[in-house]
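I opened this entry to look up how the helices pack and where the aromatic rings sit. The notes follow in the order in which I looked.

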Amino acid sequence: MSNFLNQIPALPVGDAVEKVMDLFTNTFSTVFKFIQTDGTALMDSVTNLLISIPPIIFILLVAILAFFATGKKFGLAIFSIIGLLFIYNQQLWEQLMNTFTLVLFASIVAIIIGIPLGILMSKSTLADNIIKPILDFMQTMPGFVYLIPAVAFFGIGVVPGVFASVIFALPPTVRFTNLGIRQVSKELVEAADSYGSTGLQKLLKVELPIAKSTIMAGINQTVLLSLSMVVIASMIGAPGLGREVLSALQRAQVGNGFVAGISLVIFAIIVDRLTQSLNKKSI
């Protein structure tokens, strides 16, 4: 039986994919070069702006935001002050700002793409049937794989890091937007119809406001997944705390790796609690 199986020639899937990628890359090389050049310049500008803010001012602003976002509770504010001071003390402030920029851009792009796709899925069964398997594919694919098209399209640097992070972090926003709108009660939708609301009015004034907490939960997951891609994206030249973790791993520097890793955890906790608090306030 094994001899029979060995007689079957290997399907040229790899070659076919490589040819498609080459064709795609060559056809849109101008677009990719434009995104790479201008995207890098834009993100460098944002990072430089963040670095230009005195750290103590930045830390106080985050603490004030945490205080009000959590309903005037001191827990997250105090944690933010202690955690960010620790990162500054470890001379990782610039790396933190680079990480912040990468996560910010990846999350914004994922949200801009994800919410309209989720709305489309909630309104069209055909779109739902087409997009859902693609989302399954995206969520089950190891994050490392997304580095391949990112490098093929954009080379190395922060832009391919954002590209890979967007693909990895996109599905939760799409799924939760679709779920939130589908969970809006039919009675409310029928009431909106009875008042003569157009589709856009129904979406903006009834469905999205009611689904807001579910959509925000998806956005929270997208932000955290973007953060989880920081270390993987550093393999293709994305700067930030992930590069410090990768460097420590390559040199077997346990102490440096721990400090960079715990800095990432501190940043992730602050971002997670802040986005969760915003979600609770919106309920």
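I begin with the term I need for side chains: a residue is buried when its relative accessible area is under 20%, and exposed when that value is over 50%. By that cut-off I find Phe58 buried, and Trp93 buried as well. I keep in mind throughout that this is a predicted model.

**Entry 1: the whole chain.** I looked up the overall make-up and found 14 helices and 0 strands. The C-alpha trace spans about 65 × 65 × 45 Å along its principal axes, and of the 283 residues 41% count as buried. I also noted that, among contacts with a separation of 6 or more, residues 24 or more positions apart account for 76%.

**Entry 2: Phe58 and Trp93.** I went back to these two buried residues to ask how their rings are arranged. The ring centres lie 5.5 Å apart and the planes stand at 85 degrees; planes over 60 degrees apart count as edge-to-face, so I recorded the pair as edge-to-face. Phe58 belongs to helix 4 (residues 55-69) and Trp93 to helix 6, so this pair ties together parts that are 35 residues apart in sequence.

**Entry 3: the other rings.** How many aromatic pairs does a search of the whole structure find? I have 16 in my notes. One of them is formed by Phe32 and Phe153, a stacked pair with 4.6 Å centre to centre and 15 degrees between the planes. Phe32 lies in helix 3 and Phe153 in helix 8 (residues 147-154), so the pair joins parts that are 121 residues apart in sequence. Both of these residues are buried. I then followed the ring pairs outward and found that they link Phe32 and Phe153 with Phe24, Phe28, Phe154 and Phe163 in a cluster.

**Entry 4: helix 2 against helix 8.** Since Phe24 and Phe153 had turned up in the cluster, I looked at the helices that carry them. The axes of helix 2 (residues 13-27) and helix 8 come within 9 Å and cross at roughly 35 degrees, and the crossing is right-handed. Helix 2 brings Met21, Phe24 and Thr25 to the contact, while helix 8 brings Pro149, Ala152 and Phe153. By class I noted 5 nonpolar residues, 1 polar and no charged.

**Entry 5: helix 3 against helix 6.** The axes of helix 3 (residues 29-52) and helix 6 (residues 93-123) come within 9 Å and cross at roughly 135 degrees. The two helices are therefore oblique to each other, and I noted their crossing as right-handed. From helix 3, the residues in contact are Leu42, Met43, Val46, Thr47, Leu50 and Ile51, and they meet Glu94, Met97, Asn98, Phe100, Thr101 and Phe105 of helix 6. This contact has 8 nonpolar, 3 polar and 1 charged residues.

**Entry 6: helix 6 against helix 11.** I stayed with helix 6 and looked up its contact with helix 11 (residues 199-228), where the axes come within 9 Å and cross at roughly 140 degrees. That angle makes helix 6 oblique to helix 11, and here too I recorded a right-handed crossing. Helix 6 contributes Thr99, Val103, Ala106, Ser107, Ala110, Ile111, Ile115, Ile119 and Lys123, and helix 11 contributes Leu203, Glu207, Leu208, Ile215, Ile219, Thr222, Val223, Ser226 and Leu227. By class the contact has 12 nonpolar, 4 polar and 2 charged residues.

**Entry 7: Phe74.** Is Phe74 buried or exposed? Its relative accessibility is 57%, so I count Phe74 as exposed. I located Phe74 in the loop between helix 4 and helix 5 (75-89). The C-alpha atom of Phe74 is separated by 9.5 Å from that of Ile64, a residue 10 positions away along the chain.

**Entry 8: helix 13 and what follows.** Last, I looked up helix 13 (residues 241-251), in which Leu241, Gly242, Leu246, Ser247 and Ala248 are buried. Ala252 follows this helix, and I noted that its phi is positive, near 55 degrees.

How values were computed:
Residues numbered from 1 in each chain as written. Predicted model: local features only at pLDDT ≥ 70, side-chain atom pairs only at ≥ 80, totals over all residues. Heavy atoms only, no water. Axes fitted to C-alpha atoms, helices over the stretch in contact; angles between N-to-C directions. Helix = DSSP H or I, 4+ residues; strand = E, 2+ residues; numbered from the N terminus. Parallel < 35°, antiparallel > 145°, perpendicular 65-115°, else oblique. Left-handed = near helix turned anticlockwise from the far one by under 90°. Contact = heavy atoms within 4.5 Å. Nonpolar A, V, L, I, M, F, W, Y, C, P; charged D, E, K, R; others polar. Phe/Tyr/Trp six-rings, centres within 6.5 Å; stacked < 30°, edge-to-face > 60°. Buried < 20%, exposed > 50% of the residue type's maximum accessible area, 1.4 Å probe, protein only.
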